[in-house]
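Trainee: Please take one part of this model and go through it closely. Put it in context with whatever the chains show as a whole.

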Amino acid sequence: MAKGFSCFSRLRPFLAMTTGLALAISTASWAAAPNGDDALVQKGEYLAKAADCVACHTAPNGKPFAGGLAITSPMGNIVSTNITPDSETGIGHYSEADFTRALQRGIRKDGGHLYPAMPYTAYAGLNSADIHALYLYFMKSVAPVSQKNQPTKLSFPFNIRALMMGWNLLFLPHDAQKTDFDHLSSFERGRYLADTLEHCSTCHSPRNLFMAEKKSAYLGGSPLGGWYAPNVTSSVNSGIGSWSEDDLVTYFKTGEVAGKARAGGGMAEAVSNSLSHLTDRDLHDLASYIKQVPAINDAQDQRPRDQYSAPVENTDLRTGETIRVDRPVVMDGAALYDNNCASCHGGNGNGSPDQHIPSLYNNSVIGSAQANNLVMTILTGVQRKIDGHEVFMPSFGDQSLVQRLSDKEIASLANYVTGRFGRGDAHLQASDVQTIRQGGAKPFLIRYISMLVLMGGLGILLVLSLIYRCFKKTGRKGAAS
Amino acid sequence: MASSNDLSADIVIVGSGVAGSSIAKELASTGASVIVLEAGPRVDRQHILDNCRNTVNKNKYDEPYPPSPWSMHPPDQSTPNAYLHTTGPDAQAYQQSYLRILGGTTWHWSACAWRYLPSDFELQSRYGVGRDWALKYDDLEPFYYQAESMMGVCGPDPKIEDLGSPRRQPYPMDALPLSYASEQFKKLIDTHTPYRVVHEPQARNTRRYDNRPTCEGNNNCMPLCPIGAMYNGIHTVMHAEAAGARFIDNAVVYKIETDASNKKVSAVHYYDPDKNSHRVTGRIFVIAAHCIESAKLLLLSADDKNPAGVANSSDQVGRNMMDHTGVQVTFMSGLDSLWCGRGPLETNVIDNFRDGSWRNERGAYLVHMVDDNQIDLATALAIDKGYVGKDLEDEIRYGASHLVRLFSHNEGMPDPNNRLTLSKTHKDVLGIPHPEVYYKLPEYTVRSCDNSRQLFKEIMGLMKGSDPRWTPGYFPQDHPAGSTIMGHDPKDSVVDGHNRTHDHENLFIASSGVFASMGTGNITLTVAALALRVADTLKKEIYHG
Amino acid sequence: MVGYSREKDRPFSAFFSFPWRRRHILATGLSAVAISVTADISSDASSPTAGADSLDFMKISLCLTDRKTLDPVLGKALFCRLIGKTPKRQAKFGQLSSIFNSQPWENANHFVTTAVKQNPDLPPLIRDILHGWYRGIVDEKVVVYRSAMMFSLTRNILYPKTYANGDLFYWTSRPPEVPLPKGQPVMKPDVPESLGK
C-alpha cells in the first residue's frame with residue numbers, strides 16, 4: 001500500500017489529467033482491480049506509455065496493443081504480436097515470470113525467441129517492480145482483443161529464431177535497474193527513461209556488423225528503414241549541443257521547435273504516442289540526461305544542422321508559355337520546388353508566419369549531412385497528432401493523391417532544396433532515392449549473408465563472436481578502471 | 001485501322017470524371033473487373049500548376065490545360081467555337097468549358113458541393129413548369145452522403161444553418177471558416193435585408209481528409225488547387241486503380257455497338273491517338289462522359305438498328321440542353337476595406353432565392369460574393385486610369401481592398417429545341433465531328449437573371465458601391481445538363497429513374513445529361529450521388545441479376 | 001453566324017476574364033532582391049547602346065514607380081521584352097528617354113505630366129512599362145508571376161494565387177484598413193468600357 005501511495009504521489013501531475021477517465025474505463029469494463037493495485041496499474045500505464053509499447057503493437061486503424069503492425073527490418077517484415085490480455089491470442093496466459101522473460105530476455109512463453117525489433121535489449125534494464133506494474137496494467141487495464149497473430153516470415157537464415165540465442169549471448173545486457181522508477185534520482189531517471197523505457201538508442205545508435213548497437217557511438221546517429229535517426233549527442237555541430245534543455249522538452253512535448261527541428265517518421269510517432277504523455281519533470285530529467293551524453297563529432301559538420309541558410313528571394317522569371325498536358329517537360333529542381341513545395345513553403349522557403357508550414361532554412365532535416373530524412377519526408381509526408389493538434393504534409397510517394405514524384409524527380413528536388421536551403425547540393429541520384437524508397441541501404445550482414453552462409457559463415461560467425469565477446473569484456477573492464 | 005479484340009470486363013465505363021471513377025471504384029472494390037476508357041491523357045498536378053502560373057488571366061481556367069488534338073475540349077472561354085460550336089440567339093451563353101483528361105473537369109471547379117432541394121426533383125408537380133425527375137430527393141439522400149464522404153465535403157451544422165436539403169448525417173467535415181470579407185458581407189446582408197448569407201458546402205478540406213491537406217487559401221480553386229486540398233476526380237481515379245480498376249487513357253470512344261436484338265450493348269469501340277481501333281466487350285456499359293460528350297457519343301453511334309443514335313428511340317438525345325446562366329457585376333465598395341480574395345474562391349452564398357412560390361414563372365438562383373483576389377484587376381484599372389508612382393500604388397491598394405464581385409447562377413429549363421447535334425462542317429483529327437449546340441435562353445431563366453440584377457443593385461446600394469462593371473449579356477456557368485434526360489416515359493426521355501437507358505437494358509448513363517431540371521448550386525455533387533446510385537444498381541445487377 | 005467576335009468585345013470571355021485588350025492579369029509577390037538600380041543593370045547588356053538604353057530604362061522605371069530600388073533581374077527581363085525585342089517601341093522609348101534626360105524630376109507625376117504634355121503619344125508606352133513592373137505582364141505574356149511588384153503592396157494580406165503562405169485559416173483575420181487615396185491620374189484614362197468581367 002505504502003508503495004502504491006508513493007507511486008501515486010510521484011505520478012500526480014499525470015494522474016490529475018487522466019485518472020478520471022482511465023479509472024472509469026478500467027474499472028467499469030472488467031473486474032475491478034483491488035484498490036491497492038489501482039495505483040500500480042496507473043504506474044504501469046504510464047510506464048507502458050514511456051516504453052511506447054503501443055506504437056509497434058497496434059496496426060494502423062487497429063485496436064490498441066492487438067498487434068499486426070508490419071515493422072520493416074533489413075531481414076524482412078516483422079509483424080508485431082497481440083499483447084492484450086486475451087488468453088487465446090494475446091498474453092492473457094502469461095505469468096508475471098513469462099512476461100518478464102519476454103520483456104528482458106526476448107523469449108516467448110512457448111520458448112520461441114523474439115527478434116530484437118522488440119527492444120528487449122533495452123527492456124533488459126527494467127526494474128522488477130516496474131515490470132510488476134507493467135504486468136498489472138496489461139492484465140487488468142488493457143482491453144483483451146481476440147485477434148490472431150500474423151506470422152513473421154523472414155528470409156533464410158533469419159527465419160531460424162534459435163539463431164537469436166547466439167546473438168543474445170553476445171549482445172544482451174544483464175544489468176537490470178536495481179531501483180524502481182519512483183525512487184530514482186533525477187539523473188538516474190533520465191538515464192532510465194532514455195536507455196530503458198524510451199529506448200532512444202534502439203534507433204539513434206549505429207549498429208555493428210551483427211546489427212547490435214555500437215556502444216562506442218552511443219546516440220551517434222543511425223540509418224533506420226530509409227530514415228536517418230540523427231546524432232543526438234551533445235556535439236554542438238553534429239548533435240544537439242546547441243539546444244537548451246527547454247528546447248528538448250518542447251520538442252518532446254510538441255514534436256517541434258520552431259527554427260530548429262520537427263519530428264517526422266518514427267520520431268513523430270514516438271512524440272505522439274509516448275514522449276508527449278510524460279510529465280514535465282520526467283521530460284526535464286530525460287532532456288538533461290540526453291544533453292550530457294558524450295559528444296560524437298563529425299568533422300564535416302561545420303555548424304549545427306538547424307543553422308543552415310536564410311530566406312533567399314529569387315525572381316520567378318517565366319516563359320509565359322503553356323505546355324500541352326500530354327507533353328509535359330522534364331522539370332529541373334527549381335521547377336519541381338516551385339510546383340510541389342512553394343505553394344505552402346513559399347518561393348523563399350519562409351513557410352507561414354505561424355510556422356504551421358515550417359521554414360526550409362533553419363530546418364534540421366534539410367541542414368543534415370544525410371539527405372535521407374528529406375527524401376523520406378517527400379516520400380511519406382508528415383503526420384503528427386499531439387493533443388488533438390495535427391500537423392500534416394502530404395506524401396509525394398507512389399500512393400500520393402496530390403502528386404506522385406519519380407525517383408529522378410525526388411533526387412533533383414532534394415538536391416535543389418539542400419542546395420538552396422541546406423548545406424549544399426546533396427548530389428543524390430535516382431538510384432539513391434530508389435534505395436531509400438525501398439527502406440534504405442541494407443546492412444553488411446544482410447547484403448552478404450548468402451555469401452557468409454555459403455562459406456559456412458555461421459561457423460565463422462561463432463568464432464568471430466567469441467573473439468568479440470572477449471574483446472567486449474576486456475573493453476568494459478578497461479572503461480571501468 | 002487494325003482492330004484488337006482482347007479487352008473485356010464486367011463493367012465498361014466511358015469517361016473517368018467524378019461519375020466514371022466513382023462507379024469504377026465501387027465496383028472494383030467488390031472484385032468485379034472494370035475498364036474505364038478516357039479520351040484524354042493522364043496529367044500531373046505539377047505540370048498544370050506550372051502552366052497556370054504562366055497564364056496571364058488566372059480566371060480563364062481552361063488555359064492551363066491545352067488539349068491534346070484527339071481529345072479536344074473548348075480551349076478557353078474567349079476562344080469560342082474552336083471545338084464546341086454554338087448557334088442560335090444566345091449562342092454565347094452556351095460556350096461551356098470542360099476538360100477531357102483523366103479525372104475529368106473537377107480538376108478545375110469551385111468545389112461547391114450543394115445537394116439539390118427536394119423541390120428541384122419535382123418542378124412540374126410543385127410549380128407546373130419544367131419536368132419532374134424519375135426519382136425523388138429521398139431516393140438520392142443516402143448517395144448524397146456517400147458522395148460527400150467520398151469527396152470530403154465540409155459544411156455547416158444543419159441545426160445552425162439548415163440548407164434546405166434534409167440530412168441524416170452531419171457533413172463529413174466542419175464548415176470552412178468565412179473570410180473576413182465574407183463575414184462582413186454576411187453581417188451586412190443578415191442585418192439590413194430580409195435575406196441571409198450561409199456557409200457554402202464545399203468539397204474542400206478543413207482538416208486532413210483522405211490523406212490530403214487542409215485548405216491553405218491559395219485562392220486558385222479554378223484553374224487548379226495547387227496542393228490537393230480540394231477534391232478532384234483524379235483522387236477517385238487513384239482509389240479506383242488501387243482497388244483494381246483499369247483506366248485506359250487516350251482512348252477515344254467513337255461507337256457503341258448493340259447486339260442483334262438491339263436490347264443490349266455488346267461492345268464499345270475506341271481510337272487510340274494513332275487512330276488504331278479497339279473493341280471492348282463487357283456485361284454492363286456505363287456512359288459517364290461529360291454531358292456534351294455523352295450525347296455526342298450516342299448520336300455518333302447511329303447505325304441501321306438505331307438510325308437516330310443509340311438509346312435515342314425517343315429522339316431526346318441531345319435535346320433539352322440546360323445550364324446555369326450567369327449574371328455578374330464588379331464594383332468598388334464604399335464601405336471599410338474588405339480585401340476579397342483571402343482564402344478559397346467561393347465560400348458564402350445568399351440562398352434565399354433557391355426556392356419559392358415564384359418558381360412557377362421564373363428560375364431560382366443563388367448568389368455569391370466571390371472571394372476572388374482582385375489585386376490584378378485593381379492594378380490594371382489603376383494603371384489604365386492614368387495613375388503613376390506613389391499615387392498608383394495607393395490606388396492599387398485601395399482597389400485591391402475594395403473591389404467586390406457578385407455573381408449568380410440562374411436556373412435553366414429543359415427545352416427540346418435547345419439541341420446538340422454533330423457538326424457537319426468541323427471534325428477532329430480522328431474524323432469525329434465536333435459537337436454543335438443551338439441555344440436560346442428560356443424566358444424562365446431570363447426573368448430569373450433580371451431578378452438577380454435587381455438584387456445586385458440593391459446590394460451595391462447597401463455597400464455604397466461605385467463604378468459598377470456589369471458582365472455584358474449572359475454567360476455560361478459550365479454546368480451543362482439535360483442531353484440524355486431522365487423520365488418515366490420512354491417516349492419522351494432517354495433514361496429511367498435508375499439512369500438505365502429505356503432502349504438498352506445493359507446501358508447506363510451517369511452524367512449531368514440525365515438531369516430533368518437545373519436546380520441551383522453546382523451540379524457535381526448530384527452527378528456523384530447519381531453515379532454512386534448507379535454503382536449500387538450495378539452491384540445488384542452483377543451479383544444477383 | 002454567331003453575333004460576337006473575339007477581338008471586339010468578347011462578351012463571354014466575360015465571366016472570369018476582363019477584356020483588357022493588350023494586357024492581362026497576374027503576377028506576384030514582391031521583389032525583395034531589390035537593389036540599387038544603377039548598380040549593375042547595364043553591365044551585362046550586349047551592345048553599348050543596349051547598355052545605355054537599359055540603364056535609362058531602369059532610371060525611368062525608378063521615376064515612374066517613385067521607388068528607390070527595383071529588382072534588376074526583373075528590370076533586365078522587362079527591358080528585353082518591352083524594348084530590346086520589340087522594335088515598335090524603340091522609337092517611342094528613345095523619345096521618352098530624351099525627355100527623361102532633359103532635366104531632373106521631382107517624382108513620377110512631375111515627369112509623366114511633362115512628358116505627356118510634350119508628347120501625347122507616350123502614355124501607351126508608359127502604361128506598358130507599369131504593367132510590366134506591377135503585373136509582370138508584357139504583350140499578353142507572363143514575364144514574372146510571384147515577383148510582380150503589385151504583390152509587394154499587399155504582402156502578407158493578399159497572396160499571389162497559388163502561393164498563399166499565411167497562417168492556418170489566415171483569411172479570417174482582419175486585414176488593414178486602406179484610406180481613400182488622394183492622388184490624381186496624370187494620363188487620360190484608357191480603361192475598357194465594360195470590364196466584362
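Mentor: In this predicted model, chain C has 5 helices and 4 strands, which follow one another from the N terminus as β-α-β-α-α-α-α-β-β. Chain C counts 197 residues, 56% of them buried. Of its contacts between residues at least 6 apart in sequence, 68% link residues at least 24 apart. Its accessible surface is about 8400 Å², with 54% of that area on carbon and sulfur atoms.

Chain A has a mean pLDDT of 85, and 85% of its residues reach 70 or more. Residues 473-481 of chain A fall below 50, and that stretch has 0 contacts in the model beyond near neighbours in sequence. Residues 1-33 of chain A also stay under 50, yet the model gives them 39 contacts beyond four places in sequence.

The part for a close look is strand β11 of chain B, residues 325-332. As 8 of its 8 residues are buried, the strand is largely enclosed by the rest of the structure. In a regular strand, side chains alternate between the two faces of the sheet. On one side of β11(B), T325(B), V327(B), V329(B) and F331(B) are buried; on the other, G326(B), Q328(B), T330(B) and M332(B) are buried too.

β11(B) pairs antiparallel with β14(B), residues 403-410, over 8 bridges, and there V329(B) stands opposite L406(B). Strand β17(B), residues 466-470, is joined to β11(B) by 3 bridges, again antiparallel, with M332(B) opposite S466(B). Strand β18(B), residues 475-476, pairs antiparallel with β11(B) over 2 bridges, and P476(B) is the bridge partner of T325(B).

Terms used:
Residues are numbered from 1 along each chain as its sequence is written. Chains are lettered from A and ligands numbered from 1 in the order in which they are written. This is a predicted model: local features need pLDDT of at least 70, side-chain atom pairs count only at pLDDT 80 or more; totals for chains, interfaces and linings use all residues. Side-chain values use heavy atoms; hydrogens and water are left out. Buried means under 20% relative accessible area, exposed over 50%, partly exposed in between (1.4 Å probe, protein chains only). Contact means heavy atoms within 4.5 Å. Accessible areas come from the Shrake-Rupley method with a 1.4 Å probe; for residues, only the protein chains shown count as cover. pLDDT is the predictor's confidence in each residue, from 0 to 100. Two strands pair if DSSP finds at least two bridges between them.
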